[in-house]
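Here is a short briefing to read alongside the model. Have the sequence and the 3D view open, and follow the residues as they come up.

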Amino acid sequence: MISQAPSAPGWLLRFALVFGLLNTLLTFENQWPGFGVAYMPRLSFELCLAVVALMGWVAWRGRLSSRAAWLWSGGFVALVLVRYANVTAPAVMGRPVNVYWDGRHALELLKVAAQSVPGWQVAAAVAALLVGALLLMLVVRWCIGMLAGCLIWQAPRPWLLAGAGACTLSFAAYVPDQRDTRWFFSLPIAPTLLQQGRLLARVWLPGQAREALGPGPEFDGDLSGLVGANGPADVVLVFAESYGAITFDDAAQAAALTEPRAELAQAIKSSGRHVVSARVTAPTFGGASWLSHAALLAGVDTTDPADHDLLLASERPTLVRHFARHGYRTVGWMPGLKRPWPEGAFYGFDRLADDAGIGYQGPDFGYWRIPDQAAMALLQAQEFEGAAQRQPRFAVFATTSTHAPFHPIAPFVNDRASLTRVDAYAGVTTLPASASLRQAGPQYLEAMRYQHAWLADHLRRRAPRPLVMIIVGDHQPPALVSGQGASWDVPVHVVSDDAALLQRLLGSGFVAGLPPPATPMGNMPGLTSVLLNAFDASVADDTHGIDHVVRPTDPAISKDRSPPGS
């Protein structure tokens, strides 16, 4: 027999209590910056739907069994976790949560966190997490049972059903893409669930998304624009980790890096080289560097992470294979790669050196254990020094020292040759990585100073053959450093002693010097096309506006069109 629910005000008090508790668990916001949450007095759209569904359940079954209550509780806790990820990821990483990619790399992230704090803190955090999850489940189970009891009635209460239905239907007046209109409802979880479900479906059913990648470069030109009096130039493409346009756009960061930038510019000049710079929009923010790597090396937009997975399963041409087809030895230098990466075969490197394959013998510096200066010294020693008649090299170096948490930073070493030996950093005591959110900004700037220092040291030395170095930021630093509302722009620098090559880049969005222009030239795949045309002297005057745009001419570049000593 169906029991009568208590009359008002007792019924209303119970209903308001449990509804309020459940609503709070689905409407909290991030307490920026960091991982905390803050109460937000708004209504959960999903909870309104759940109340209507629960009404129908108890009307049909008469009551909510213990097993059903636990199932409802489990589903609700899952929604709470989705809510937490949905509001925390943009605040910490500066981008939306991504179930597929973040889930696949969750173990690596946990390893980084575990090595950043003492062991007892890790154990305490795990224990607190388990206890917190248990308490949350018990509280939700109690609330669900109480709510179901409030919805049991002997005679229909159409006013209650009408009220819940009205709240749910009023959501139609809400505009999800405009946060300022959230005067009544909280940001819903349903769009995130639908989006992530669609993403997983595309990944698991790739045959339905072959057209999603869109057109890309044909890679059908040549590399005549890289051939000088001393033969083909070596090309080094540096993906500078977390090197974002915020280092130029934010006045405080720009001021802090004024001296390191001046030293880098002087090193470039003293070596007889010049630099031109641009700004492009990266396909990611705060992390997921591989999206930028793929976008530039394949010339395909990878803003949607599912497209990256589809790309690596395809047979699209790449910049790596383009150089290999023209006689270059291609090298992938990936000191941050710590696990098997069979997907990397897509790019077509002759040699793909990971953390274990680079040959670093010095002490570890945090989770990203190999300092960038040592990694570059090892690359130089193993691939660029030696026989004068060797193949030209195309090397892709993904740096790691400026990766979050930006600490510890290895000391700069003047004796670069020692970095390739077992006594590298002899006598240096390494420190564990710091996980302090308050220190993220200063540590990031210190990492940027280190990046400028080792780049200056490397470029100050004259190479035995022409060198073209392309330095591209892979993404902005996380929102903890870049702040709210930062763009997705990253700087691009091309350093070379071939003035003609640099002159071809001017007018396509590049300007002379290290500071990039304020306006991006386009996205990362667009940069691929610009570089391809600059590398091919025969088409430099034909496409992508390189010579069709009235461009500023830098006298320091145009007055010297031959390599030093030629």
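In this predicted model, the count of salt bridges comes to 12. A few of them are worth a closer look, and the rest of the briefing then moves on to a helix crossing, a loop residue, a surface patch and the overall figures.

**Salt bridges around Glu383**
- Arg329 and Glu383 meet through their side chains in a salt bridge, with 2.9 Å from N to O.
- Arg329 belongs to strand S7 (residues 329–333) and Glu383 to helix H15 (residues 372–384), so this pair ties together parts that lie 54 residues apart in sequence.
- How do the two partners compare in exposure, buried or partly exposed? Arg329 has a relative accessible area of 22% and is therefore partly exposed, while Glu383, with 2%, is buried.
- Glu383 also forms a salt bridge with Arg393, where the closest N and O atoms are 3.0 Å apart.
- That second pair links helix H15, which holds Glu383, to strand S9 (residues 393–398), which holds Arg393, and the two residues are 10 residues apart.
- Both Glu383 and Arg393 are buried.
- Which residues do shared partners join into one network? They are Arg329, Arg351, Glu383 and Arg393.

**A salt bridge within a loop**
- Asp355 and Arg369 form another salt bridge, and their closest N and O atoms are 3.0 Å apart.
- Asp355 and Arg369 each sit in the loop between strand S8 (351–353) and H15, with their positions 14 residues apart in sequence.
- Asp355 is buried, and Arg369 is buried too.

**Where H12 crosses H19**
- The axes of helix H12 (residues 289–298) and helix H19 (residues 524–535) come within 7 Å of each other and cross at roughly 35°.
- This crossing of H12 and H19 is right-handed.
- From H12, the residues in contact are Ser292, Ala295 and Leu296; from H19, they are Met524, Pro525, Leu527, Thr528 and Leu531.

**Thr302, just along the chain**
- Thr302 is placed in the loop between H12 and helix H13 (305–312).
- Is Thr302 buried or exposed? Its relative accessibility is 0%, so Thr302 counts as buried.
- Leaving aside residues up to four places away in sequence, Thr302 touches Pro283, Leu291, Ala294, Ala295, His308 and Leu311.
- One of these contacts, Leu291, is 11 residues from Thr302 in sequence, and their C-alpha atoms are 5.7 Å apart in space.
- Ala295 appears twice in this part of the model: Ala295 touches Thr302 and is among the H12 residues that meet H19.

**A nonpolar patch on the surface**
- Trp70, Val131, Leu134, Leu135 and Leu138 make a nonpolar surface patch of about 480 Å².
- Which helix gives the most to the patch? Helix H6 (residues 119–150) does, with four residues.
- Trp70 comes from helix H3 (residues 66–93).
- Trp70 counts as partly exposed because its relative accessibility is 37%.

**The protein as a whole**
- The secondary structure comes to 20 helices and 12 strands.
- Of the 566 residues, 50% count as buried.
- Among contacts with a separation of 6 or more, 79% are between residues 24 or more positions apart.
- The protein exposes about 25300 Å², and carbon and sulfur atoms supply 62% of that area.

How values were computed
Residues numbered from 1 in each chain as written. Predicted model: local features only at pLDDT ≥ 70, side-chain atom pairs only at ≥ 80, totals over all residues. Heavy atoms only, no water. Buried < 20%, exposed > 50% of the residue type's maximum accessible area, 1.4 Å probe, protein only. Contact = heavy atoms within 4.5 Å. Areas by Shrake-Rupley, 256 points an atom, 1.4 Å probe, with all protein chains shown as cover. Patch = residues over 30% accessible without salt bridge, like charges linked within 9 Å, V, L, I, M, F, W, Y side chains within 5 Å. Salt bridge = Lys/Arg side-chain N within 4 Å of Asp/Glu carboxyl O. Axes fitted to C-alpha atoms, helices over the stretch in contact; angles between N-to-C directions. Left-handed = near helix turned anticlockwise from the far one by under 90°.
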